[in-house]
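Reader: I would like to go through this model and ask, term by term, how each label was earned. Could you take me through it?

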Amino acid sequence: MNKKLLTPDYIFESSWEVCNKVGGIYTVLSTRAKTLQETLKDKIIFIGPDVWESSESPYFKEEPALFAEWQWMAKEQGINVRVGRWTIPGEPIAILVDFKPFFEKKNEIYGWLWEQYKVDSLHAYGDYDEASMFSYAAGLVVESFYKTQISKLKSKSKVVYHANEWMCGLGALYINNKVPQIATIFTTHATSIGRSIAGNQKPLYDYLFAYNGDQMAEELNMQSKHSIEKQTAWNVDCFTTVSDITANECVELLDKAVDVVLPNGFDNSFVPKAATFNKKRKAARQRMLQVANALLGENLDDDTIIVSTSGRYEFRNKGIDVFVEAMNRLLRDRDLKKKVLAFIEVPGWVGEPRKDLQERLGEAKTYTEPLEVPQVTHWLHNMGHDNVLNMMKYYDMHNRHEENVKVIFLPCYLDGNDGIINLTYYDVVLGNDLCIYPSYYEPWGYTPLEAVAFKVPCITTDLAGFGLWANKEFGHNGELEDGVKVIHRTDYNYSEVADYIKDTVAQFSAMSKTEVSACRKAAETLSKKALWKEFIKYYYEAYDIALRKAEARKSSVK
């Protein structure tokens, strides 16, 4: 296939996570921005929600002079925006739009959506209204900008509108209807129904072929989110997702095959170089061991294997339950050659950093007695109802002095100011020997990709898009020596997965320094294959598909 790809002159990309760090989509967009900005030079414009009423977004720098005339015109049209730069590598232009004024037109907007696209908004609840009003406002922004700034300049401009997740579906449909000259792309990063089936303890994979998406939406009270997601998938010019595993979900649950799979890449410009890398790794290990020793009344040294899991607090979907299970089994494993310190770095309903732990950390002495509840670094609001603490309690995992495996729950967002570790997430990742992500539901999986970029070998599963991709790259199921051990996971083999993790950690504990070094090198090598410069070509394929459909539409109108 040697046809010349059509490339956009302008790209508008909308997401709830533009200048608004919530989850993985922030990472996708913010790490990809630099690669697009280098090519498009300020013709890539991100649109996010202006949710920063009383405080300023730490990720946004306003520049009132940018498109000043258009900002005034938009205000005249009833669209309030702030224009500036997203403070990430590449510093692309970002437009934050105030969507609150549209709530009073909500019923009218939903009525239009039903008439035009049969989207059922009757069962809306929770974040559906907020997301939809933002999405509608983003559509108005693009329509206004296109009609006043682009079409007058050059009628042949090729423009793409890229909407992320069901939350931006309404805007994509609005553009599709009102500005058909603009090519539309929709990316679902995880189907709302797939995530819901998995989160509701129902088996997803063995029965995927038998599930009816519309029927499940009704059963799980997800009609409105599913409806907007399905209709957007069906009506945009190019429908995409992030991995082969989610592409299967789209076929079965949305009854629509994707046009292109857009794997999530990575920008490694912030991975520290040689001397700084070693210094930061050493500092991270020292801090993690210092916190553990103060909490546990231990004297764990640098020979201790530090492992961790992290991500959103989805206890089953992210495999946090299997992680705890595996660490519990490791306690009795005779093949374990070293002590293991395991961290669960998952933001919970955190109250405050422990004062008693802070006091110990402030004193330069060693302790021989553990603190009360030596499994957690911060107090939680729901100590009695927390899944991690309850599972550890059930298994009688109390980090006793004689035990070789210690598990510590670090239930806060690692922004460098948590009061205990006081390092950012990326600095903490550096200090690990092995990272473990035994996901049950993981459309892509940034956590293992980030780990290998920092030269940390990891364990993941083939139910994660990243795990499947790694297997494809290796040409076989990933092993520890490849830098990523990919465990086969199904709806029902929870126990075997826990055993595989236990055995892999034990295997790692017996490795020589040379073998560990080879694993770390293999991890880094794999991460280079997942850089945005390798994956951006799939986006250009999607732009081409969408632009060709828009071109065909234009010629049929003439």
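Reader: Thanks! To begin, why does Ser57 count as buried?

Author: Happy to start there, and please keep in mind that this is a predicted model. Buried means under 20% relative accessible area. Ser57 has 3% relative accessibility, so Ser57 counts as buried.

Reader: Where is Ser57 found, and what does Ser57 touch?

Author: Ser57 is in the loop between β2 (44-49) and β3 (60-62). Leaving aside residues up to four places away in sequence, Ser57 touches Cys19 and Trp52. Trp86 is 29 residues apart from Ser57 along the chain, and their C-alpha atoms are separated by 9.7 Å.

Reader: What makes Lys118 partly exposed?

Author: Partly exposed covers what lies between the buried limit of 20% and the exposed limit of 50%. Lys118 has 48% relative accessibility, so Lys118 counts as partly exposed. Lys118 is in the loop between α3 (106-117) and α4 (128-150). Its backbone deserves a look too: Lys118 is not a glycine, yet has a positive phi of about 60 degrees.

Reader: And why does Lys455 count as partly exposed?

Author: The reasoning runs the same way: Lys455 has 24% relative accessibility and therefore counts as partly exposed, the lower limit being 20%. Lys455 also has a positive phi, near 65 degrees, in a residue other than glycine. You will find Lys455 in the loop between α15 and β16 (458-461).

Reader: Let us turn to the sheet. Which strands form the open sheet, and in what order?

Author: There are 6 strands, in the order β14-β11-β10-β15-β16-β17, and the pairing is parallel. β14 (405-410) and β17 (484-487) each have a single partner strand, so one side of each has no neighbour in the sheet, and they stand at the edges. On average, neighbouring strands of this sheet are turned by 20 degrees against each other, direction ignored.

Reader: How do you know that β10 and β11 pair?

Author: Two strands pair if there are at least two bridges between them. β10 (residues 305-310) and β11 (residues 340-345) have 6 bridges, in the parallel sense. Ile305 stands opposite Val340 in β11, and Glu345 in β11 is the bridge partner of Ser310.

Reader: What makes β11 mostly covered?

Author: In β11, 6 of its 6 residues are buried. In a regular strand, side chains alternate between the two faces of the sheet. On one side of β11 are Val340, Ala342 and Ile344, on the other Leu341, Phe343 and Glu345, and all are buried.

Reader: Which helices lie across β11?

Author: Helix α10 (residues 274-296) lies across β10, β11 and β14, at about 95 degrees to β11. Helix α11 (residues 320-330) lies across β10, β11, β14 and β15 (434-436), running at about 165 degrees to β11.

Reader: At what angle do α15 and α18 pack, and why is α15 called oblique to α18?

Author: Helix α15 (residues 446-453) and helix α18 (residues 513-528) pack at about 120 degrees, with their axes 7 Å apart. Roughly perpendicular ends at 115 degrees and roughly antiparallel begins over 145, so α15 is oblique to α18. The crossing of α15 past α18 is left-handed.

Reader: Which residues meet there?

Author: From α15, Leu449, Val452 and Ala453 meet Ala523, Glu524 and Ser527 of α18. By class, this contact has 4 nonpolar, 1 polar and 1 charged residues.

How values were computed
Residues numbered from 1 in each chain as written. Predicted model: local features only at pLDDT ≥ 70, side-chain atom pairs only at ≥ 80, totals over all residues. Heavy atoms only, no water. Helix = DSSP H or I, 4+ residues; strand = E, 2+ residues; numbered from the N terminus. Axes fitted to C-alpha atoms, helices over the stretch in contact; angles between N-to-C directions. Contact = heavy atoms within 4.5 Å. Parallel < 35°, antiparallel > 145°, perpendicular 65-115°, else oblique. Left-handed = near helix turned anticlockwise from the far one by under 90°. Nonpolar A, V, L, I, M, F, W, Y, C, P; charged D, E, K, R; others polar. Buried < 20%, exposed > 50% of the residue type's maximum accessible area, 1.4 Å probe, protein only.
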